[in-house]
Amino acid sequence: MKKCSLHQGHRERIRTRFLSYGIESLFNHEIVEMILFYVMQVKNTNDISHRLINKFKSIDNILSAPREELMKIEGVGESTVMFFKLLYDICNDYNNFSSIFSFIDTIESLCEYFQNYFSGNSSNICLLLAMNQRLEVVKKISFTKESVINFSSELRKIARVLLESDCTKIAVGINHANSIPFPNSKDFMITKMFSEKFSPFGIELVDTVIFAGSKVYSLRKNSAFGFLK
């Protein structure tokens with residue numbers, strides 16, 4: 001009971017400092033501790049936070065670290081890994097929220113958008129951008145290649161969202177985590193599928209952009225859209 005009381009007092013001190021002086025008043029390991037407070041109710045999170053910082057060096061690296069690497073840290077379990085991923089995705093979505101209604105009128109600006117979005121993301125996910133006639137981004141839809149290729153219901157859901165957004169153009173970004181920025185057969189399949197399915201509704205696929213590491217590959221820029229004809 002005394003041990004729990006000591007932990008509780010430590011937690012309250014960190015919370016009070018954060019509320020009084022903001023996140024700048026905390027060291028990185030203390031910020032990680034605060035995150036862990038909401039996953040681990042009674043554990044000594046101080047030791048775990050130090051292990052995480054020592055291993056991954058920064059909070060961003062911790063939140064974006066692969067599950068298998070996080071699970072190697074003593075004291076870290078499935079709930080913690082899930083909470084880290086949730087926080088990372090929320091932060092990423094918030095950072096990209098200001099891009100809604102931004103203009104994407106060149107291949108370069110489109111590539112930059114996807115580069116910023118996928119940077120630091122270790123998942124093989126895709127992002128569909130829907131744009132109106134003024135080339136403003138009005139909707140973002142994330143999905144996996146497998147879900148669209150293997151399940152027609154997923155494609156119908158995407159179609160419904162696009163039609164409700166009144167978009168006229170779309171662009172696809174594909175993250176090649178731990179790979180190279182060059183299209184593979186599934187990338188071409190997704191590109192062809194989206195072009196054929198949505199063009200009858202007056203929705204034009206303007207580009208598919210592959211991201212890997214810190215580099216991007218635009219199918220449009222590299223004249224790789226010829227296969228659609």
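User: Is D166 buried or exposed?
Analyst: The structure shown is a predicted model, and D166 is found in its loop between α9 (152-165) and β3 (169-175). A residue counts as exposed when its relative accessible area is over 50%. The relative accessible area of D166 is 61%, so D166 is exposed.

User: What is the value of phi in D166?
Analyst: Most residues other than glycine have a negative phi. D166 is a residue other than glycine, yet its phi is positive. The value of phi in D166 is near 60°.

User: Where is L135, and what is its phi?
Analyst: L135 has its place in the loop between β1 (126-131) and β2 (137-143). With a relative accessible area of 23%, L135 is partly exposed. Its phi is positive although L135 is not a glycine. That phi is near 65°.

User: How many helices and strands are there in the protein?
Analyst: Helices and strands are counted separately here. The count of strands is five, and the count of helices is 10.

User: What does the C-alpha trace of the protein span along its principal axes?
Analyst: The protein has 229 residues, of which 43% are buried. Three values, one for each principal axis, describe its C-alpha trace. The span is about 70 × 35 × 30 Å.

User: Why is α2 described as largely enclosed by the rest of the structure?
Analyst: Buried residues are those under 20% relative accessible area. In α2 (28-37), the buried residues include H29, I31, M34 and F37. The helix is largely enclosed because the number of its 10 residues that are buried is nine.

User: Which word describes the angle between α2 and α3, and what is that angle?
Analyst: Helix α3 covers residues 45-56, and its axis lies 8 Å from that of α2 where they pack, at an angle of about 125°. This value falls outside the ranges for roughly parallel, roughly perpendicular and roughly antiparallel, so α2 is oblique to α3. The crossing in which α2 passes α3 is right-handed. In short, the word is oblique, and the angle is about 125°.

User: Which residues make the nonpolar surface patch of about 300 Å²?
Analyst: One member of the patch is I23, found in the loop between α1 (2-21) and α2 (28-37). I23 counts as partly exposed because its relative accessibility is 42%. The patch is made by F18, L19 and I23.

User: How many salt bridges does a search of the whole structure find?
Analyst: A salt bridge requires a side-chain nitrogen of Lys or Arg within 4 Å of a carboxyl oxygen of Asp or Glu. The bridge of E12 with R15 is an example. The search of the whole structure gives a total of 13.

User: What separates E12 and R15 along helix α1?
Analyst: E12 forms a salt bridge with R15, and their closest N and O atoms are 3.1 Å apart. E12 is partly exposed, since its relative accessible area is 37%. The two residues are three apart in helix α1, so what separates them is about one helical turn.

User: How many residues apart in sequence are the parts tied together by K221 and E108?
Analyst: The side chains of K221 and E108 meet in a salt bridge, with an N to O distance of 3.9 Å. K221 lies in the segment after β5 and E108 in helix α7 (residues 107-118), so the pair ties together separate parts of the chain. K221 is exposed at 54% relative accessible area, whereas E108 is partly exposed at 48%. In sequence, the parts are 113 residues apart.

User: Which residue forms a salt bridge with E136?
Analyst: E136 counts as buried, as its relative accessibility is 12%. Its partner is exposed, with a relative accessible area of 55%. The closest N and O atoms of the pair are 3.1 Å apart, and the partner is R134.

User: Which residues are joined into one network by salt bridges that share partners?
Analyst: A network arises here where salt bridges share partners. The residues joined in this way are K55, E69 and K72.

User: What distance separates the C-alpha atoms of A224 and D207?
Analyst: A224 is found in the segment after β5 (215-218), and A224 is buried, with a relative accessible area of 14%. Along the chain, A224 and D207 are 17 residues apart. Their C-alpha atoms are separated by 9.7 Å.

Note on methods:
Residues are numbered from 1 along each chain as its sequence is written. This is a predicted model: local features need pLDDT of at least 70, side-chain atom pairs count only at pLDDT 80 or more; totals for chains, interfaces and linings use all residues. Side-chain values use heavy atoms; hydrogens and water are left out. Patches are made of residues with over 30% relative accessible area and no salt bridge: like charges are joined within 9 Å, nonpolar side chains (Val, Leu, Ile, Met, Phe, Trp, Tyr) within 5 Å. Accessible areas come from the Shrake-Rupley method with a 1.4 Å probe; for residues, only the protein chains shown count as cover. Helices (H or I, at least four residues) and strands (E, at least two) are DSSP runs, numbered from the N terminus. Buried means under 20% relative accessible area, exposed over 50%, partly exposed in between (1.4 Å probe, protein chains only). Axes are lines fitted to C-alpha atoms, for helices over the stretch in contact, and angles run from 0 to 180 degrees between N-to-C directions. Angles under 35 degrees count as roughly parallel, over 145 as roughly antiparallel, 65 to 115 as roughly perpendicular and the rest as oblique. A crossing is left-handed if the near helix is turned anticlockwise from the far one by less than a right angle, and right-handed if clockwise.
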